[in-house]
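The following exercises concern one protein model. Please work through each task before reading its solution.

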Amino acid sequence: GDASGRHQHDYAEFNHDGGAAYAAAEDAWSDDDHAGATAAKKDNDTNDGGNGNSPDDALFLGVTFAFLLSSFGIALAVDDLGIVLALVGATGSTLVSYVLPGLIYVKVQKGRVVTPAKIMAYVQLAVGCLVMPTALYFVLSGDARE
């Protein structure tokens, strides 16, 4: 029925005396369970146990509240959602498409010799840094809507 009975049956199949080998295995099983329980207790001692009082939880709640509050403020202030979407496209899309891939490649290849791929990563990063302010200029000046 229970887990220890299942382990006893398994050991009895492979060890016909079923005595010393099973006892040693059962002791090892118990020691592993105790070690796991001790590690879990230690983790719970250093953690808040999930009750929302750790500094990480406070930071998460603060950032989440700030995002929600700023989103609410933008929704109240803006009449045309197209402007918001254009700003998101000008910043977020450029960042994801140009800036971050080039930057990540350069950081991963840090300290290595200059290769054509690394040069292209710098070019991509530079293009992204030129495209983003240009796109923002057109969105904010109103020229993008014409």
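Four exercises with solutions follow, all on a predicted model.

**Exercise 1. Describe the secondary structure and overall surface of the protein chain.**

Step 1. The chain contains five helices and zero strands. Read from the N terminus, the elements therefore give the order α-α-α-α-α, as a DSSP assignment numbers them.

Step 2. Of the 146 residues, 12% count as buried, where buried means under 20% relative accessible area.

Step 3. The accessible surface amounts to about 11100 Å², and carbon and sulfur atoms hold 66% of that area.

Step 4. Among contacts with a separation of 6 or more, 45% join residues 24 or more positions apart.

**Exercise 2. Determine where the coordinates of the protein chain merit caution.**

Step 1. The mean pLDDT of the chain is 75, and 62% of the residues reach 70 or more.

Step 2. Confidence is lowest in helix H1 (residues 3–14), with a mean of 49, and highest in H5, with a mean of 92.

Step 3. Over residues 9–15 the pLDDT lies below 50, and this stretch has three contacts in the model beyond near neighbours in sequence.

Step 4. Where pLDDT is low, predicted coordinates should not be read in detail.

**Exercise 3. Identify the nonpolar surface patch and examine the place of Ile119 in it.**

Step 1. Tyr98, Val114, Ile119, Met120, Val123, Val127 and Val131 make a nonpolar surface patch of about 590 Å².

Step 2. Helix H5 (residues 116–141) supplies the largest share of this patch, namely five residues. Ile119 is located in helix H5.

Step 3. A patch residue needs over 30% relative accessible area. Ile119 has a relative accessibility of 45%, so this residue counts as partly exposed and passes that cut-off.

**Exercise 4. Characterise the aromatic pair, and then the surroundings of Ala117.**

Step 1. A search of the whole structure yields one aromatic pair. Tyr137 and Phe138 form this pair, with 5.4 Å from centre to centre and 70° between the planes.

Step 2. Planes over 60 degrees apart count as edge-to-face, and the pair of Tyr137 and Phe138 is accordingly edge-to-face.

Step 3. Is Phe138 buried or partly exposed? With a relative accessible area of 37%, Phe138 is partly exposed.

Step 4. Ala117 is placed in helix H5. At 39% relative accessibility, Ala117 counts as partly exposed, because the partly exposed class lies between the 20% and 50% limits.

Step 5. Tyr105 is twelve residues from Ala117 along the chain, and the C-alpha atoms of the two residues are separated by 8.8 Å.

How values were computed. Residues are numbered from 1 along each chain as its sequence is written. This is a predicted model: local features need pLDDT of at least 70, side-chain atom pairs count only at pLDDT 80 or more; totals for chains, interfaces and linings use all residues. Side-chain values use heavy atoms; hydrogens and water are left out. Patches are made of residues with over 30% relative accessible area and no salt bridge: like charges are joined within 9 Å, nonpolar side chains (Val, Leu, Ile, Met, Phe, Trp, Tyr) within 5 Å. Accessible areas come from the Shrake-Rupley method with a 1.4 Å probe; for residues, only the protein chains shown count as cover. A salt bridge is a side-chain nitrogen of Lys or Arg within 4 Å of a carboxyl oxygen of Asp or Glu. Helices (H or I, at least four residues) and strands (E, at least two) are DSSP runs, numbered from the N terminus. Buried means under 20% relative accessible area, exposed over 50%, partly exposed in between (1.4 Å probe, protein chains only). Contact means heavy atoms within 4.5 Å. Rings of Phe, Tyr and Trp (its six-membered ring) pair if their centres lie within 6.5 Å; planes under 30 degrees apart count as stacked, over 60 as edge-to-face and the rest as tilted. pLDDT is the predictor's confidence in each residue, from 0 to 100.
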